[in-house]
Amino acid sequence: SPKCPGQPMIRIEFKVTEGEQSGQRVFTQIVIADQAKYPDNFVKGRAKLKRLANACGVQAEDNFDTDELYMKELIVVVSKSTKDGKDKNDVEDYTAA
């Protein structure tokens, strides 16, 4: 991640299953920043991961297996933006289905 170089990151792919965008995919990432080096990003990343886990019905303790999130149904809130002249989708939030 440019804001946290060298820090581990979880890349997530969501598949749209309903509506006119059905079958399309949306991507996001969560940076798991080192708490000592990037305390603000650590807090943001943990909060984002916890929101995702809660939306998937998974109890997000300090250490949990992210494999528990695989193939869970949830609602992903997506906004559209433009960067460098290209349209892109931004995952804003997650809620339980």
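## Exercises on a predicted β-β-α-β-β model

**Exercise 1. Check the length of helix 1: what span should its 17 residues have?**

Step 1. Helix 1 has 17 residues, and at 1.5 Å a residue they should span 24 Å. The expected span is 1.5 Å times one less than the number of residues. Step 2. The end C-alpha atoms of helix 1 are 24 Å apart, which agrees. Step 3. Helices here are DSSP runs of H or I with at least four residues, strands are runs of E with at least two, and both are numbered from the N terminus.

Some ground rules. The model is predicted: local features need pLDDT of at least 70, side-chain atom pairs count only at pLDDT 80 or more, and totals for chains, interfaces and linings use all residues. Residues are numbered from 1 along each chain as its sequence is written, and side-chain values use heavy atoms, with hydrogens and water left out.

**Exercise 2. Describe the protein chain as a whole: how many helices and strands does its secondary structure come to?**

Step 1. The protein chain has one helix and four strands. Step 2. Along the sequence they follow the pattern β-β-α-β-β. Step 3. The C-alpha trace spans about 45 × 35 × 15 Å along its principal axes. Step 4. Of the 97 residues in the protein chain, 25% are buried. Buried means under 20% relative accessible area, exposed means over 50%, and partly exposed is in between (1.4 Å probe, protein chains only).

**Exercise 3. Find the two sides of helix 1: which of its residues are buried?**

Step 1. The buried residues in helix 1 are G45, L49, L52, A53 and A55. Step 2. Viewed down the axis of helix 1, the buried residues fall within an arc of 165 degrees, so they line one face. The arc is taken from the directions between the helix axis and the C-beta atoms. Step 3. Recall the helix geometry. An α-helix has 3.6 residues a turn, so residues three or four places apart point the same way. Step 4. Turn to the other side. The face of helix 1 turned away from the buried side carries the exposed residues D40, V43 and K44. Step 5. The buried residues of helix 1 pack against strand 1, strand 2, strand 3 (74-83) and strand 4. Step 6. G57 follows helix 1, and its phi is positive, near 80 degrees.

**Exercise 4. Take apart the largest nonpolar core: how many residues does it have?**

Step 1. The largest nonpolar core has 16 residues. Such a core is a set of buried Ala, Val, Leu, Ile, Met, Phe, Trp, Tyr and Cys residues joined through side-chain atoms within 4.5 Å. Step 2. Strand 1, strand 2 (25-31), helix 1 (39-55) and strand 4 each supply at least two residues of this core. Step 3. Helix 1 gives the largest share, four residues. Step 4. F14, L52, F64, L69, L74 and Y94 have the most contacts inside the core. Step 5. Take F64. Not counting residues up to four places away in sequence, F64 touches L49, A53, V58, Q59 and L69. Contact means heavy atoms within 4.5 Å.

**Exercise 5. Look for paired rings: what is the count of aromatic pairs?**

Step 1. Apply the rule. Rings of Phe, Tyr and Trp (its six-membered ring) pair if their centres lie within 6.5 Å; planes under 30 degrees apart are stacked, over 60 edge-to-face, and the rest tilted. Step 2. The count comes to one aromatic pair. Step 3. The ring centres of F14 and Y94 are 5.9 Å apart and their planes stand at 40 degrees, so the pair is tilted. Step 4. F14 lies in strand 1 (residues 9-15) and Y94 in strand 4 (residues 86-96), so the pair ties together parts that are 80 residues apart in sequence. Step 5. Both F14 and Y94 are buried.

**Exercise 6. Compare two strand 4 residues: is V91 buried or exposed, and what does D93 contact?**

Step 1. V91 is in strand 4. V91 is buried, at 12% relative accessible area. Step 2. Leaving aside neighbours within four places in sequence, V91 contacts F14, V26, F27, T28, V76 and V77. Step 3. D93 also lies in strand 4. D93 is partly exposed, at 27% relative accessibility. Step 4. With neighbours within four places again left aside, D93 contacts R51, I75, V76 and V77.
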